[in-house]
Each structure stands twice: as C-alpha cells, then as structure tokens.
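Colleague: Please take a close look at a single part of this model and describe it in one connected account. I should like to know which contacts it makes and how it fits into its surroundings.

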Amino acid sequence: MLPRKLSNFPTHNSGLIERMFKQLWKLCALLSLAMLSLAYAGTANAARHALLIGNDSYQEVPTLRNARADAEAMGAALQKAGYAVTVMKDRNLKQMKDDVREFKSLIKGGDEVFFFYSGHGVQIEAMNYLLPVDVRADSEDQVRDDALALSNVLSDLRAQKPALTLAVVDACR
C-alpha cells in the first residue's frame with residue numbers, strides 16, 4: 001500500500017481536454033526549443049544531443065498509456081531539428097542512471113542538450129524525483145532511494161558546460 005502522499009498517482013484518462021492540453025504543452029516545448037536553438041545558432045561546432053525517457057509499464061504503481069509514445073514523438077521532432085536523439089523506454093533505476101551517465105559522456109562544452117522525461121514523478125519536500133518502472137513507492141524514504149532526483153540529472157548535464165540545457169518533464173505527480 002502506498003503512503004498517503006504517494007497513493008494518489010493519477011492514471012491517464014484519454015479525455016479530450018487532457019489530450020488537447022498535452023498537445024498544446026508539447027507545442028510550447030518545441031517552440032521554446034526552436035527559439036532557444038536560434039539564440040544559440042552562432043555556436044560553430046556545437047553538437048545537439050537529446051536524451052528522452054518514456055516510462056509506461058510500472059510494476060508497483062499504476063501504469064501509464066502515453067509516456068513511451070510521447071518520448072517517441074518528441075524524439076522525431078528533435079531529430080528533424082538536428083539533434084542526435086536517444087530514446088529509452090520503460091527503464092528501471094539502474095538503467096536510468098546508466099542512460100544519464102552515458103548521455104553525459106557525449107556532451108562537450110558548448111553543445112546543446114535536451115533532456116525529456118515522460119512518466120510518473122513525485123515531489124518530496126523541495127526535491128523532484130523521476131520514477132523508474134521498478135519503483136515500489138512504499139514510503140517517501142524509499143522513493144528518495146529508489147528514484148532518480150531531477151536535480152542530480154541537471155547537475156550532471158551542467159557539469160559538462162553545454163551552451164544550452166533544456167529539460168522538459170511530463171510527469172504525473
């Protein structure tokens with residue numbers, strides 16, 4: 001049984017308003033990316049890297065329906081914008097950490113970096129966590145131990161000194 005704070009994970013319904021909002025949100029994210037890319041277009045040798053993670057198939061918390069498809073759709077748009085795209089789906093904690101570590105190793109100073117996560121997320125106190133598919137979420141302490149802290153991902157990416165870092169988190173929380 002999930003603790004009170006974590007027991008109200010929403011399940012995606014396919015209501016018209018939700019789909020419209022989600023499409024509008026994605027459009028805003030892509031427009032923001034386009035504007036930021038134009039602002040940094042003068043960087044001569046900048047590579048463009050994107051890591052996208054979509055988690056639907058949760059084992060202990062409610063499954064989702066669209067996170068993998070959202071990561072794929074965002075990946076297709078980013079490829080058209082010239083990004084080298086890596087899409088990962090239904091990742092456990094070890095895989096998510098490995099994905100971020102490998103992605104970080106690709107980034108050089110001055111590159112443009114895009115990170116996208118779609119799946120369950122929670123905020124505990126002032127920290128946001130991205131939930132892997134194997135999270136149990138029995139307690140807040142367990143989530144802190146068994147989920148990926150968004151701040152750690154962003155710190156890892158910033159440590160590589162990219163010219164641009166954009167993170168988009170599409171999380172049910």
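Modeller: I begin with the pair Asp 141 and Arg 144, whose side chains form a salt bridge with the closest N and O atoms 2.9 Å apart; the term denotes a side-chain nitrogen of Lys or Arg within 4 Å of a carboxyl oxygen of Asp or Glu. The model is predicted, so local features need pLDDT of at least 70 and side-chain atom pairs count only at pLDDT 80 or more, whereas totals for chains, interfaces and linings use all residues. Residues are numbered from 1 along each chain as its sequence is written, and side-chain values use heavy atoms, with hydrogens and water left out.

Because Asp 141 and Arg 144 are three residues apart in helix α4 (residues 140-146), about one helical turn separates them. Helices (H or I, at least four residues) and strands (E, at least two) are DSSP runs, numbered from the N terminus. Asp 141 is exposed at a relative accessible area of 51%, while Arg 144 is partly exposed at 27%. In these terms, buried means under 20% relative accessible area, exposed over 50% and partly exposed in between, with a 1.4 Å probe and protein chains only. The pair also belongs to a wider arrangement: salt bridges with shared partners link Glu 125, Glu 140, Asp 141 and Arg 144 into one network.

Glu 125 leads from this network to the strands. The residue is exposed, with a relative accessible area of 66%, and is located in the loop between β3 and β4. Its phi is near 55°, a positive value in a residue other than glycine. The hairpin of β3 and β4 has two residues between its strands. Strand β3 (residues 112-124) and strand β4 (residues 127-130) pair in the antiparallel sense over four bridges; pairing requires that DSSP find at least two bridges between two strands. Within this pairing, Ile 124 has Met 127 in β4 as its bridge partner.

In contrast to the exposed Glu 125, β3 is mostly covered, with 12 of its 13 residues buried. Strand β3 also has parallel partners. With strand β1 (residues 48-54) there are seven bridges in the parallel sense, and His 49 has Val 113 in β3 as its bridge partner. With strand β6 (residues 164-172) there are nine bridges, again parallel, and Glu 112 is bridged to Leu 164 in β6.

The interior can be described through nonpolar cores, each a set of buried Ala, Val, Leu, Ile, Met, Phe, Trp, Tyr and Cys residues joined through side-chain atoms within 4.5 Å. The largest such core has 29 residues, and Phe 115, Tyr 117, Leu 131 and Val 143 touch the most other members. Elements giving two or more residues to this core are β1, α3 (93-106), β3, β4, β5 (148-149) and α5 (150-158). The greatest contribution, five residues, comes from β3. A second, separate core of 11 residues includes Ala 50, Leu 78, Phe 114 and Phe 116.

Helix α3, one of the contributors to the largest core, also has charged contacts. Lys 94 and Asp 98 meet in a salt bridge at 2.7 Å, N to O; because these two residues are four apart in the helix, they are separated by about one helical turn. Asp 98 forms a further salt bridge with Arg 101, where the closest N and O atoms are 2.9 Å apart. Here the spacing is three residues in α3, again about one helical turn. Lys 94 is exposed at 58% and Arg 101 is exposed at 53%, whereas Asp 98 is partly exposed at 29%. The count of salt bridges comes to 11.

One further backbone feature is found in the loop between β2 (84-89) and α3, where Asp 90 lies. Phi of Asp 90 is near 50°, a positive value in a residue other than glycine, and the residue is partly exposed at 22% relative accessibility.
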